[in-house]
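Biologist: I'd like a close look at one part of this model, the empty spaces and what sits around them. Please start with a pocket and then take me through the rest as one connected story.

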Amino acid sequence: MPQSLDYLRETASQTAGPYVHIGLAPGAAGFDIYRRELGHDIAGPAVRGERIRIEGQVIDGTGSPVKDVLIEVWQANADGHYAHPEGGGAVEEGFRGWGRVISDFDTGIWALDTIKPGPVPWRDARMQAPHLNLWIVARGINLGLNTRLYFDDHAEENAADPVLNLIEWASRRQTLIAARSERDGQTVYRFDIRLQGEGETVFFDI
Amino acid sequence: MSRPSDYYQRNRSLHPPALTPGYKTSVARSPRQSMIALEHSASEITGPVFGHADIDPGDNDLLSNYARPGESPIGERIILHGRVLDENARPVPNTLVEIWQANAGGRYRHRKDTYLAPIDPNFGGCGRTLTDANGYYAFRTVKPGAYPWRNMVNNWRPAHVHVSVFGSGFVQRLITQCYFEGDPLIPICPIVQTIPDPDAIEQLVARLDMNATIPLDSIAYKFDIVLRGRRSTLFENRLEGN
(Lines give C-alpha, C1' and ligand atoms only; values in the text may rest on other atoms or scores of the structure.)
Protein backbone atom coordinates (compact mmCIF):
# COMPACT_ATOMS: atom_id res chain seq x y z
CA MET A 1 0.00 0.00 0.00
CA PRO A 2 1.40 3.41 -0.90
CA GLN A 3 2.07 5.99 1.77
CA SER A 4 -0.97 8.14 2.37
CA LEU A 5 -1.08 11.85 3.07
CA ASP A 6 -3.70 11.91 5.77
CA TYR A 7 -4.65 15.57 5.60
CA LEU A 8 -8.26 16.61 5.89
CA ARG A 9 -9.72 18.92 3.26
CA GLU A 10 -10.90 22.39 4.18
CA THR A 11 -14.68 22.78 4.38
CA ALA A 12 -15.94 24.54 1.25
CA SER A 13 -17.24 28.08 1.54
CA GLN A 14 -20.81 29.09 0.76
CA THR A 15 -22.18 32.60 0.40
CA ALA A 16 -23.20 34.42 3.58
CA GLY A 17 -26.48 35.18 1.80
CA PRO A 18 -28.89 38.09 2.25
CA TYR A 19 -29.74 37.26 5.87
CA VAL A 20 -26.21 37.24 7.28
CA HIS A 21 -27.35 39.91 9.74
CA ILE A 22 -29.49 37.42 11.66
CA GLY A 23 -26.42 35.51 12.71
CA LEU A 24 -23.73 38.18 12.87
CA ALA A 25 -25.63 41.43 13.48
CA PRO A 26 -29.17 40.52 14.65
CA GLY A 27 -30.00 44.08 15.67
CA ALA A 28 -29.80 45.07 12.01
CA ALA A 29 -32.05 42.14 11.04
CA GLY A 30 -34.62 43.72 13.32
CA PHE A 31 -34.46 41.90 16.64
CA ASP A 32 -32.64 41.94 19.93
CA ILE A 33 -31.42 38.58 21.20
CA TYR A 34 -27.91 38.68 22.63
CA ARG A 35 -26.68 40.48 25.72
CA ARG A 36 -23.97 41.97 23.53
CA GLU A 37 -23.42 41.89 19.78
CA LEU A 38 -19.82 41.26 18.86
CA GLY A 39 -17.61 43.52 16.78
CA HIS A 40 -18.56 46.98 18.05
CA ASP A 41 -15.45 47.51 20.18
CA ILE A 42 -12.34 47.55 18.02
CA ALA A 43 -10.53 50.01 20.27
CA GLY A 44 -12.04 50.94 23.65
CA PRO A 45 -11.87 54.43 25.17
CA ALA A 46 -8.58 53.77 27.04
CA VAL A 47 -6.75 52.68 23.89
CA ARG A 48 -3.87 54.86 22.70
CA GLY A 49 -3.59 56.18 19.16
CA GLU A 50 -5.12 58.58 16.69
CA ARG A 51 -8.92 58.27 16.63
CA ILE A 52 -10.20 57.85 13.10
CA ARG A 53 -13.39 57.00 11.29
CA ILE A 54 -13.37 54.98 8.10
CA GLU A 55 -16.34 54.99 5.79
CA GLY A 56 -17.16 53.88 2.31
CA GLN A 57 -19.30 51.79 0.04
CA VAL A 58 -18.85 48.47 -1.66
CA ILE A 59 -19.67 48.94 -5.35
CA ASP A 60 -20.71 46.10 -7.67
CA GLY A 61 -19.93 45.62 -11.36
CA THR A 62 -22.94 47.71 -12.42
CA GLY A 63 -21.71 50.68 -10.38
CA SER A 64 -24.37 50.22 -7.70
CA PRO A 65 -23.67 50.13 -3.97
CA VAL A 66 -23.96 46.73 -2.31
CA LYS A 67 -26.54 47.23 0.43
CA ASP A 68 -26.24 43.90 2.21
CA VAL A 69 -22.51 43.57 2.71
CA LEU A 70 -20.74 42.65 5.94
CA ILE A 71 -17.12 43.60 6.52
CA GLU A 72 -14.80 42.42 9.25
CA VAL A 73 -11.68 44.35 10.13
CA TRP A 74 -8.55 43.03 11.83
CA GLN A 75 -5.85 45.46 12.83
CA ALA A 76 -2.85 46.10 15.07
CA ASN A 77 -2.73 48.68 17.86
CA ALA A 78 -0.68 51.89 17.70
CA ASP A 79 2.47 49.89 18.57
CA GLY A 80 1.89 47.49 15.66
CA HIS A 81 0.85 44.62 17.93
CA TYR A 82 -2.13 42.37 17.26
CA ALA A 83 -4.31 41.20 20.17
CA HIS A 84 -3.21 37.59 19.71
CA PRO A 85 -0.56 35.33 21.30
CA GLU A 86 1.57 35.70 18.15
CA GLY A 87 0.72 39.36 17.69
CA GLY A 88 4.19 40.77 18.28
CA GLY A 89 3.75 42.02 21.85
CA ALA A 90 1.30 42.99 24.53
CA VAL A 91 -1.66 45.27 23.78
CA GLU A 92 -3.34 47.63 26.21
CA GLU A 93 -6.60 46.90 28.04
CA GLY A 94 -9.59 47.50 25.82
CA PHE A 95 -7.82 46.94 22.53
CA ARG A 96 -9.43 44.17 20.55
CA GLY A 97 -8.45 45.02 17.00
CA TRP A 98 -11.39 43.20 15.51
CA GLY A 99 -14.62 44.74 14.33
CA ARG A 100 -17.65 43.94 12.24
CA VAL A 101 -19.71 46.46 10.27
CA ILE A 102 -22.62 46.23 7.86
CA SER A 103 -23.67 48.59 5.12
CA ASP A 104 -26.79 50.70 5.43
CA PHE A 105 -29.78 48.97 3.79
CA ASP A 106 -30.70 52.16 1.87
CA THR A 107 -27.39 53.82 1.01
CA GLY A 108 -24.84 51.02 1.18
CA ILE A 109 -22.59 53.22 3.31
CA TRP A 110 -20.64 51.55 6.10
CA ALA A 111 -18.51 53.21 8.77
CA LEU A 112 -16.25 52.13 11.59
CA ASP A 113 -14.55 53.99 14.42
CA THR A 114 -11.11 52.90 15.47
CA ILE A 115 -7.53 54.04 16.01
CA LYS A 116 -4.84 54.18 13.39
CA PRO A 117 -2.61 51.09 13.64
CA GLY A 118 1.18 51.21 13.85
CA PRO A 119 3.54 49.53 11.40
CA VAL A 120 3.76 45.72 11.55
CA PRO A 121 6.84 43.63 10.68
CA TRP A 122 6.98 41.82 7.35
CA ARG A 123 8.59 38.40 6.94
CA ASP A 124 12.07 39.89 6.87
CA ALA A 125 13.49 42.94 8.64
CA ARG A 126 11.27 45.38 6.70
CA MET A 127 8.16 46.95 8.14
CA GLN A 128 4.71 47.08 6.58
CA ALA A 129 3.00 50.43 6.35
CA PRO A 130 0.04 50.91 8.74
CA HIS A 131 -2.92 48.98 7.37
CA LEU A 132 -6.21 47.30 8.21
CA ASN A 133 -7.02 43.80 7.03
CA LEU A 134 -10.55 43.47 5.65
CA TRP A 135 -12.74 40.47 4.95
CA ILE A 136 -15.87 41.03 2.87
CA VAL A 137 -18.89 38.76 2.63
CA ALA A 138 -22.34 39.22 1.10
CA ARG A 139 -25.02 37.59 -0.96
CA GLY A 140 -23.42 36.79 -4.31
CA ILE A 141 -19.91 36.50 -2.85
CA ASN A 142 -19.14 32.79 -2.77
CA LEU A 143 -15.93 32.97 -0.75
CA GLY A 144 -15.05 35.90 1.53
CA LEU A 145 -12.78 38.47 -0.14
CA ASN A 146 -9.59 39.61 1.58
CA THR A 147 -8.17 43.04 1.01
CA ARG A 148 -6.19 45.72 2.88
CA LEU A 149 -6.70 49.39 3.63
CA TYR A 150 -3.72 51.77 3.75
CA PHE A 151 -3.69 55.51 4.59
CA ASP A 152 -2.93 58.26 2.06
CA ASP A 153 -1.08 60.40 4.62
CA HIS A 154 1.58 57.67 4.96
CA ALA A 155 2.82 58.01 1.40
CA GLU A 156 6.46 57.33 2.19
CA GLU A 157 5.73 54.15 4.15
CA ASN A 158 3.21 53.02 1.53
CA ALA A 159 5.84 53.43 -1.20
CA ALA A 160 8.12 51.03 0.69
CA ASP A 161 5.41 48.60 1.78
CA PRO A 162 6.36 45.04 0.80
CA VAL A 163 2.75 44.02 0.16
CA LEU A 164 1.75 47.03 -1.96
CA ASN A 165 4.92 46.42 -3.96
CA LEU A 166 3.80 42.88 -4.76
CA ILE A 167 1.12 44.49 -6.94
CA GLU A 168 2.69 44.74 -10.36
CA TRP A 169 0.49 47.60 -11.57
CA ALA A 170 1.22 50.80 -9.66
CA SER A 171 -2.21 52.16 -10.62
CA ARG A 172 -3.96 49.25 -8.91
CA ARG A 173 -2.09 49.91 -5.64
CA GLN A 174 -4.17 53.08 -5.38
CA THR A 175 -7.31 50.99 -4.89
CA LEU A 176 -6.03 50.12 -1.39
CA ILE A 177 -5.33 53.69 -0.22
CA ALA A 178 -7.97 55.47 1.86
CA ALA A 179 -8.36 59.24 1.45
CA ARG A 180 -8.11 61.43 4.53
CA SER A 181 -10.35 64.40 5.25
CA GLU A 182 -11.52 66.36 8.28
CA ARG A 183 -15.19 66.72 9.05
CA ASP A 184 -16.67 68.40 12.13
CA GLY A 185 -13.36 68.08 13.92
CA GLN A 186 -13.12 64.36 13.18
CA THR A 187 -10.65 62.57 10.92
CA VAL A 188 -12.49 60.55 8.29
CA TYR A 189 -10.94 58.25 5.72
CA ARG A 190 -12.97 57.32 2.66
CA PHE A 191 -12.47 53.80 1.34
CA ASP A 192 -14.66 52.45 -1.45
CA ILE A 193 -14.30 48.83 -2.49
CA ARG A 194 -15.04 48.06 -6.14
CA LEU A 195 -15.84 44.40 -6.65
CA GLN A 196 -15.58 44.44 -10.42
CA GLY A 197 -14.84 46.58 -13.44
CA GLU A 198 -13.02 49.88 -13.69
CA GLY A 199 -10.93 50.56 -10.60
CA GLU A 200 -11.49 47.03 -9.31
CA THR A 201 -10.04 46.74 -5.80
CA VAL A 202 -7.04 44.48 -5.35
CA PHE A 203 -7.99 41.32 -3.46
CA PHE A 204 -5.47 39.01 -1.92
CA ASP A 205 -5.20 35.24 -1.95
CA ILE A 206 -3.85 34.88 1.57
CA MET B 1 13.41 37.96 14.23
CA SER B 2 11.81 34.62 13.37
CA ARG B 3 9.14 34.62 10.77
CA PRO B 4 5.80 33.02 11.57
CA SER B 5 5.00 29.68 9.99
CA ASP B 6 2.45 29.90 7.20
CA TYR B 7 -0.91 28.30 6.87
CA TYR B 8 -1.25 25.86 4.00
CA GLN B 9 -2.18 27.39 0.71
CA ARG B 10 -5.93 27.34 0.23
CA ASN B 11 -7.08 24.64 -2.18
CA ARG B 12 -9.34 26.83 -4.29
CA SER B 13 -10.47 23.94 -6.48
CA LEU B 14 -12.81 22.81 -3.71
CA HIS B 15 -14.28 26.25 -3.11
CA PRO B 16 -16.78 27.91 -5.43
CA PRO B 17 -15.17 30.33 -7.88
CA ALA B 18 -16.27 33.98 -7.63
CA LEU B 19 -18.21 33.92 -10.90
CA THR B 20 -20.95 31.28 -10.95
CA PRO B 21 -23.63 32.35 -13.46
CA GLY B 22 -26.12 29.72 -12.22
CA TYR B 23 -26.21 31.76 -9.01
CA LYS B 24 -27.12 35.04 -10.64
CA THR B 25 -26.20 37.46 -7.87
CA SER B 26 -22.55 36.41 -8.21
CA VAL B 27 -22.32 37.84 -11.73
CA ALA B 28 -22.03 41.53 -10.76
CA ARG B 29 -20.35 40.83 -7.43
CA SER B 30 -17.40 38.73 -8.64
CA PRO B 31 -13.96 40.26 -9.18
CA ARG B 32 -12.54 39.77 -12.67
CA GLN B 33 -8.88 40.48 -11.96
CA SER B 34 -6.59 37.82 -10.53
CA MET B 35 -6.04 37.96 -6.81
CA ILE B 36 -2.57 38.85 -5.59
CA ALA B 37 -0.96 35.88 -3.83
CA LEU B 38 0.25 36.93 -0.40
CA GLU B 39 2.62 35.03 1.83
CA HIS B 40 1.82 35.37 5.50
CA SER B 41 2.92 37.91 8.08
CA ALA B 42 1.51 38.65 11.52
CA SER B 43 -1.42 40.36 9.75
CA GLU B 44 -2.57 37.03 8.33
CA ILE B 45 -1.62 34.44 10.95
CA THR B 46 -3.19 36.28 13.87
CA GLY B 47 -6.91 36.76 14.38
CA PRO B 48 -9.46 37.72 17.01
CA VAL B 49 -9.57 35.77 20.26
CA PHE B 50 -12.94 35.24 21.94
CA GLY B 51 -13.72 34.16 25.47
CA HIS B 52 -16.59 33.18 27.67
CA ALA B 53 -17.13 36.82 28.67
CA ASP B 54 -18.18 37.55 25.07
CA ILE B 55 -21.17 35.23 24.97
CA ASP B 56 -23.68 33.60 27.31
CA PRO B 57 -24.08 29.87 28.00
CA GLY B 58 -27.64 29.81 26.59
CA ASP B 59 -26.66 31.41 23.29
CA ASN B 60 -26.27 27.96 21.69
CA ASP B 61 -29.84 26.88 22.45
CA LEU B 62 -32.12 28.16 19.69
CA LEU B 63 -35.04 26.28 21.23
CA SER B 64 -34.99 28.66 24.17
CA ASN B 65 -32.88 31.74 23.34
CA TYR B 66 -35.81 33.65 21.82
CA ALA B 67 -38.79 31.67 23.15
CA ARG B 68 -41.34 33.09 25.53
CA PRO B 69 -41.18 31.52 29.01
CA GLY B 70 -42.65 28.02 28.93
CA GLU B 71 -42.93 27.95 25.14
CA SER B 72 -40.72 26.68 22.35
CA PRO B 73 -40.55 26.99 18.57
CA ILE B 74 -42.54 24.82 16.18
CA GLY B 75 -40.55 22.22 14.29
CA GLU B 76 -38.42 19.13 14.41
CA ARG B 77 -36.15 19.42 17.45
CA ILE B 78 -32.54 18.72 16.52
CA ILE B 79 -29.06 18.77 17.99
CA LEU B 80 -26.48 20.05 15.53
CA HIS B 81 -23.04 19.15 16.75
CA GLY B 82 -19.54 18.28 15.65
CA ARG B 83 -15.94 19.32 15.87
CA VAL B 84 -13.89 22.11 14.36
CA LEU B 85 -10.65 20.60 13.08
CA ASP B 86 -7.82 21.83 10.92
CA GLU B 87 -6.38 20.14 7.84
CA ASN B 88 -3.87 18.36 10.10
CA ALA B 89 -6.89 16.78 11.86
CA ARG B 90 -6.07 18.69 15.05
CA PRO B 91 -8.99 20.13 17.02
CA VAL B 92 -9.43 23.91 16.95
CA PRO B 93 -10.27 24.74 20.59
CA ASN B 94 -11.97 27.83 21.98
CA THR B 95 -13.03 29.21 18.61
CA LEU B 96 -16.26 31.09 17.97
CA VAL B 97 -18.95 29.31 15.96
CA GLU B 98 -22.02 31.36 14.98
CA ILE B 99 -25.08 30.02 13.16
CA TRP B 100 -28.24 31.43 11.64
CA GLN B 101 -31.17 29.82 9.89
CA ALA B 102 -34.80 29.99 8.78
CA ASN B 103 -37.53 28.61 11.02
CA ALA B 104 -39.27 25.28 10.42
CA GLY B 105 -41.48 26.90 7.79
CA GLY B 106 -38.55 28.31 5.83
CA ARG B 107 -39.01 31.91 6.99
CA TYR B 108 -36.20 34.10 8.34
CA ARG B 109 -36.65 36.64 11.11
CA HIS B 110 -35.25 39.45 8.96
CA ARG B 111 -36.74 42.73 7.83
CA LYS B 112 -35.88 41.84 4.22
CA ASP B 113 -37.53 38.39 4.16
CA THR B 114 -41.08 38.61 2.78
CA TYR B 115 -41.80 34.91 2.20
CA LEU B 116 -45.43 34.08 2.98
CA ALA B 117 -44.58 31.39 5.56
CA PRO B 118 -45.08 32.92 9.03
CA ILE B 119 -42.55 34.12 11.55
CA ASP B 120 -42.42 31.85 14.61
CA PRO B 121 -42.88 34.06 17.69
CA ASN B 122 -40.67 31.68 19.69
CA PHE B 123 -37.77 31.44 17.25
CA GLY B 124 -35.04 34.01 16.64
CA GLY B 125 -32.88 31.89 14.38
CA CYS B 126 -29.33 32.57 15.56
CA GLY B 127 -26.91 31.04 18.01
CA ARG B 128 -23.27 31.11 18.97
CA THR B 129 -20.85 29.09 21.04
CA LEU B 130 -17.16 28.46 21.66
CA THR B 131 -15.60 25.10 20.87
CA ASP B 132 -14.25 23.22 23.90
CA ALA B 133 -10.68 21.97 24.38
CA ASN B 134 -11.37 19.14 21.89
CA GLY B 135 -12.81 21.45 19.25
CA TYR B 136 -16.32 20.22 20.03
CA TYR B 137 -19.42 22.37 19.66
CA ALA B 138 -23.17 21.76 19.93
CA PHE B 139 -26.36 23.66 19.21
CA ARG B 140 -29.99 22.80 19.91
CA THR B 141 -32.46 24.12 17.36
CA VAL B 142 -35.26 23.17 15.01
CA LYS B 143 -34.60 21.76 11.57
CA PRO B 144 -35.03 24.66 9.14
CA GLY B 145 -37.55 24.44 6.33
CA ALA B 146 -36.86 24.66 2.60
CA TYR B 147 -37.91 27.93 0.97
CA PRO B 148 -38.20 29.48 -2.49
CA TRP B 149 -35.90 32.26 -3.65
CA ARG B 150 -35.61 34.48 -6.68
CA ASN B 151 -32.90 33.22 -8.99
CA MET B 152 -34.61 31.29 -11.71
CA VAL B 153 -38.38 31.44 -11.24
CA ASN B 154 -38.61 28.14 -9.44
CA ASN B 155 -35.57 27.66 -7.21
CA TRP B 156 -35.83 26.26 -3.68
CA ARG B 157 -33.09 26.24 -1.10
CA PRO B 158 -32.53 22.90 0.62
CA ALA B 159 -32.86 23.01 4.40
CA HIS B 160 -29.66 24.61 5.64
CA VAL B 161 -27.97 26.29 8.56
CA HIS B 162 -25.46 29.08 7.91
CA VAL B 163 -22.24 28.55 9.86
CA SER B 164 -19.50 31.12 10.58
CA VAL B 165 -16.16 30.02 12.09
CA PHE B 166 -13.02 31.93 13.04
CA GLY B 167 -10.12 29.60 13.83
CA SER B 168 -7.01 31.17 15.31
CA GLY B 169 -5.72 33.11 12.30
CA PHE B 170 -7.57 35.57 10.05
CA VAL B 171 -6.66 33.33 7.07
CA GLN B 172 -8.89 30.60 8.54
CA ARG B 173 -12.04 32.75 8.58
CA LEU B 174 -14.87 30.86 6.92
CA ILE B 175 -18.60 31.06 6.31
CA THR B 176 -20.39 28.06 4.93
CA GLN B 177 -23.77 26.31 4.97
CA CYS B 178 -24.68 22.98 6.55
CA TYR B 179 -27.18 20.77 4.70
CA PHE B 180 -29.00 17.67 5.92
CA GLU B 181 -28.56 14.09 4.78
CA GLY B 182 -31.20 12.84 2.37
CA ASP B 183 -32.53 16.23 1.19
CA PRO B 184 -33.52 15.90 -2.50
CA LEU B 185 -33.10 19.65 -3.03
CA ILE B 186 -29.32 19.51 -2.46
CA PRO B 187 -28.31 18.35 -5.96
CA ILE B 188 -30.57 20.90 -7.70
CA CYS B 189 -29.65 23.97 -5.64
CA PRO B 190 -27.78 26.62 -7.66
CA ILE B 191 -25.90 27.79 -4.55
CA VAL B 192 -24.78 24.27 -3.60
CA GLN B 193 -23.80 23.73 -7.22
CA THR B 194 -21.41 26.69 -7.17
CA ILE B 195 -19.02 24.17 -5.57
CA PRO B 196 -17.20 22.35 -8.37
CA ASP B 197 -16.02 19.38 -6.29
CA PRO B 198 -18.61 16.66 -5.45
CA ASP B 199 -16.65 15.51 -2.40
CA ALA B 200 -16.56 19.08 -1.11
CA ILE B 201 -20.36 19.22 -1.41
CA GLU B 202 -20.66 15.90 0.41
CA GLN B 203 -18.58 17.39 3.23
CA LEU B 204 -21.28 20.05 3.73
CA VAL B 205 -24.00 17.48 4.39
CA ALA B 206 -24.60 16.77 8.09
CA ARG B 207 -25.16 13.11 8.85
CA LEU B 208 -27.96 11.71 10.94
CA ASP B 209 -26.27 10.72 14.21
CA MET B 210 -28.49 8.31 16.12
CA ASN B 211 -25.91 7.85 18.89
CA ALA B 212 -26.10 11.53 19.79
CA THR B 213 -29.89 11.60 19.57
CA ILE B 214 -31.70 12.13 22.87
CA PRO B 215 -34.48 9.52 22.93
CA LEU B 216 -38.00 10.97 23.03
CA ASP B 217 -36.56 14.51 22.79
CA SER B 218 -34.27 15.57 19.92
CA ILE B 219 -32.75 13.95 16.87
CA ALA B 220 -29.08 14.65 16.17
CA TYR B 221 -27.04 15.59 13.11
CA LYS B 222 -23.25 15.68 13.06
CA PHE B 223 -21.38 18.38 11.15
CA ASP B 224 -17.59 18.55 11.40
CA ILE B 225 -15.91 21.68 10.06
CA VAL B 226 -12.36 21.72 8.71
CA LEU B 227 -10.34 24.94 8.71
CA ARG B 228 -7.00 25.51 7.04
CA GLY B 229 -4.00 23.79 8.60
CA ARG B 230 -0.64 25.24 9.37
CA ARG B 231 2.90 24.13 8.72
CA SER B 232 4.96 23.04 11.67
CA THR B 233 7.64 25.51 12.62
CA LEU B 234 10.52 23.07 11.99
CA PHE B 235 13.14 24.50 9.64
CA GLU B 236 11.34 27.84 9.56
CA ASN B 237 13.28 29.86 12.11
CA ARG B 238 15.65 31.52 9.68
CA LEU B 239 15.27 34.84 7.97
CA GLU B 240 13.92 34.74 4.47
CA GLY B 241 16.75 34.49 1.96
CA ASN B 242 19.19 32.78 4.33
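Biologist: How many residues of the lining of the second largest pocket are nonpolar, how many are polar and how many are charged?

Modeller: Bear in mind that this is a predicted model. The lining you ask about divides into eight nonpolar, eight polar and five charged residues. That makes up the 21 residues around the second largest pocket, and B:Tyr7, B:Val92, B:Gly167, B:Ser168 and B:Gln172 are the ones nearest its centre. As for volume, the second largest pocket comes to about 380 Å³.

B:Val92 gives us a way into the chain B backbone. Two residues with positive phi belong in this part of the story, B:Ala89 and B:Asn94. B:Ala89 has a phi near 65° and isn't a glycine; its place is the loop that links strand S2 (77-86) to strand S3 (96-101) in chain B. Why is B:Ala89 called partly exposed? Because its relative accessibility is 38%. B:Asn94, also found in the loop between S2 and S3 of chain B, has a positive phi of about 55° despite not being a glycine. With a relative accessible area of 37%, B:Asn94 is partly exposed too.

Now for the largest pocket, which holds about 720 Å³ of space. Its lining has 32 residues, and nearest the centre you'll find A:Pro18, A:Tyr19 and A:Arg139 from chain A along with B:Trp149 and B:Arg150 from chain B. On the chain B side, strand S6 (147-149) and strand S7 (155-157) are the elements that give two or more residues to that lining. S6(B) has the largest share, at three residues. Sorted by class, the largest pocket is lined by 15 nonpolar, ten polar and seven charged residues.

Closed spaces come next. There are three cavities of 30 Å³ or more, and the largest cavity has about 60 Å³ of space. Both chains line the largest cavity: A:Asn133, A:Leu134, A:Asn146, A:Thr147, A:Arg148, A:Phe204 and A:Ile206 on one side, B:Leu38, B:Ser43, B:Glu44 and B:Phe170 on the other. At least two lining residues each come from strand S7 (131-137) and strand S8 (145-151) of chain A and from helix H1 (42-45) of chain B. S8(A) gives the largest share of the largest cavity's lining, three residues. By class, the residues around the largest cavity are five nonpolar, four polar and two charged.

With residues of both chains around that cavity, the contact between the chains is worth a look. It takes 81 residues from chain A and 95 residues from chain B. The area buried between chain A and chain B is about 7,900 Å², and carbon and sulfur atoms give 56% of that. On the chain A side, the residues losing the most area to chain B are A:Glu10, A:Gln14 and A:Arg123, together 13% of what that side buries.

A:Gln14 also turns up around B:Leu204, a residue in the loop between helix H2 (198-202) and strand S10 (205-208) of chain B. Buried or exposed, where does B:Leu204 fall? It's buried, because its relative accessibility is 1%. Beyond its neighbours within four places in sequence, B:Leu204 is in contact with A:Thr11, A:Ala12 and A:Gln14 from chain A, and with B:Thr176, B:Gln177, B:Cys178, B:Tyr179, B:Ile195 and B:Phe223 in chain B. From B:Leu204 to B:His160 it's 44 residues in sequence but 9.7 Å in space, C-alpha to C-alpha.

B:Phe223 leads on to the largest nonpolar core, where it is among the members that touch the most others, with A:Ile22, B:Val84, B:Trp100, B:Val163 and B:Ile225; the core has 71 residues. Strand S9 (residues 174-180) of chain B gives the most to this core, five residues. Another core lies apart from it, with 25 residues, including A:Phe151, A:Ala178, A:Tyr189 and A:Ile193.

One last stop, in chain A. A:Ser171 sits in helix H4 (residues 170-173), and at 57% relative accessibility A:Ser171 counts as exposed. A:Gly199 is 28 residues away from A:Ser171 in sequence, with 8.9 Å between their C-alpha atoms.

Conventions:
Residues numbered from 1 in each chain as written. Chains lettered and ligands numbered in written order. Predicted model: local features only at pLDDT ≥ 70, side-chain atom pairs only at ≥ 80, totals over all residues. Heavy atoms only, no water. 1 Å grid on protein atoms, 1.4 Å probe; cavity = no way out; pocket = protein on both sides within 12 Å on 5 of 7 lines; lining within 4 Å. Points joined across faces, edges and corners; volume = space filled by probe spheres on them. Helix = DSSP H or I, 4+ residues; strand = E, 2+ residues; numbered from the N terminus. Nonpolar A, V, L, I, M, F, W, Y, C, P; charged D, E, K, R; others polar. Core = buried A, V, L, I, M, F, W, Y, C linked by side-chain atoms within 4.5 Å. Buried < 20%, exposed > 50% of the residue type's maximum accessible area, 1.4 Å probe, protein only. Contact = heavy atoms within 4.5 Å. Buried area = accessible area lost by both parts, 1.4 Å probe.
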